[in-house]
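Open your viewer, load the model and keep the selection tool handy. Each stop below tells you what to select and what you will find there.

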Amino acid sequence: MMYFLLRWQFSSDTAKKLVSNPQDRTGPARELIEGFGGKLQSYYFALGEYDGIGIVEMPDTVSATAASMLAASTGAFSRFETTQLVTAQEAEAAMKKAQAKSGVYKAPNA
């Protein structure tokens, strides 16, 4: 499974609807992610640039992209972002690969 960070900003219409009809959106988020074979790890409302964040496990990038596109297509969000996450172990493996190729890449200003 692969991990992804989801971040969103509600549209002003969605924010108005949530104020007039308060609700926990964890259930619908879980249904969306599970519908594409994934698992919702965390779901939070947030203060600041984003109104909410989620951490999800998905079987592949196609499933993560499809879930994100479906959510974004509803018009409920003014911004919806999906970022693939890399575990510390995966990052270490990447560092070792990069180390093995050290000196192969030359910067344009080299």
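The tour starts at a strand, moves to its partners and some aromatic rings, and ends at a helix. Keep in mind that this is a predicted model.

**Stop 1: strand E1 and its partners**

Select residues 2–10, which make up strand E1. Now add strand E4, residues 77–85. The two run antiparallel and are joined by 8 bridges. To see one place where they meet, click on Trp8, which stands opposite Phe80 in E4.

Next, bring in strand E3, residues 52–58. E1 pairs with E3 in the antiparallel sense too, over 7 bridges. Pick Arg7 here, and look across to Ile53, its bridge partner in E3.

**Stop 2: the aromatic rings**

Stay with Trp8 and show its side chain. Is Trp8 buried or exposed? Its relative accessible area is 4%, so Trp8 is buried.

Now show Phe77 as well. The ring centres of Trp8 and Phe77 are 6.5 Å apart. Their planes meet at 65°, and because an angle over 60 degrees counts as edge-to-face, that is the label for this pair. The pair ties together distant parts of the chain, with Trp8 in strand E1 and Phe77 in strand E4, 69 residues apart. Phe77 has 22% relative accessibility and therefore counts as partly exposed.

Widen the selection to Trp8, Phe10, Tyr43, Phe45, Phe77 and Phe80: together they form one aromatic cluster. The model has 7 aromatic pairs by the ring-centre rule.

**Stop 3: Gln9**

Go back to E1 and select Gln9, which belongs to that strand. Despite its polar side chain, Gln9 counts as buried, at 18% relative accessibility. What does a polar atom of the Gln9 side chain lie 2.6 Å from? Turn on Glu49 and look for its backbone oxygen, which is the atom at that distance.

Then display what surrounds Gln9. Beyond neighbours within four places in sequence, its contacts are Glu49, Tyr50, Asp51, Phe77, Ser78 and Arg79. You will recognise Phe77 from the previous stop, where its ring paired with that of Trp8.

**Stop 4: helix H2**

Finally, select helix H2, residues 26–34, and highlight Thr26, Ala29 and Ile33, its buried residues. Look down the helix axis: these residues cover an arc of only 65°, which means that they sit on the same side of H2. To see what covers them, show E1, strand E2 (39–45), E3 and helix H3 (61–72), which are among the covering elements. That brings you back to E1, where the tour began.

Terms used:
Residues are numbered from 1 along each chain as its sequence is written. This is a predicted model: local features need pLDDT of at least 70, side-chain atom pairs count only at pLDDT 80 or more; totals for chains, interfaces and linings use all residues. Side-chain values use heavy atoms; hydrogens and water are left out. Helices (H or I, at least four residues) and strands (E, at least two) are DSSP runs, numbered from the N terminus. Buried means under 20% relative accessible area, exposed over 50%, partly exposed in between (1.4 Å probe, protein chains only). A polar contact is a pair of N or O atoms within 3.5 Å; within protein, one must be able to donate a hydrogen and the other to accept it, and residues adjacent in sequence count only if both atoms are side-chain atoms. Contact means heavy atoms within 4.5 Å. The arc is that of the directions from the helix axis to the C-beta atoms. Two strands pair if DSSP finds at least two bridges between them. Rings of Phe, Tyr and Trp (its six-membered ring) pair if their centres lie within 6.5 Å; planes under 30 degrees apart count as stacked, over 60 as edge-to-face and the rest as tilted.
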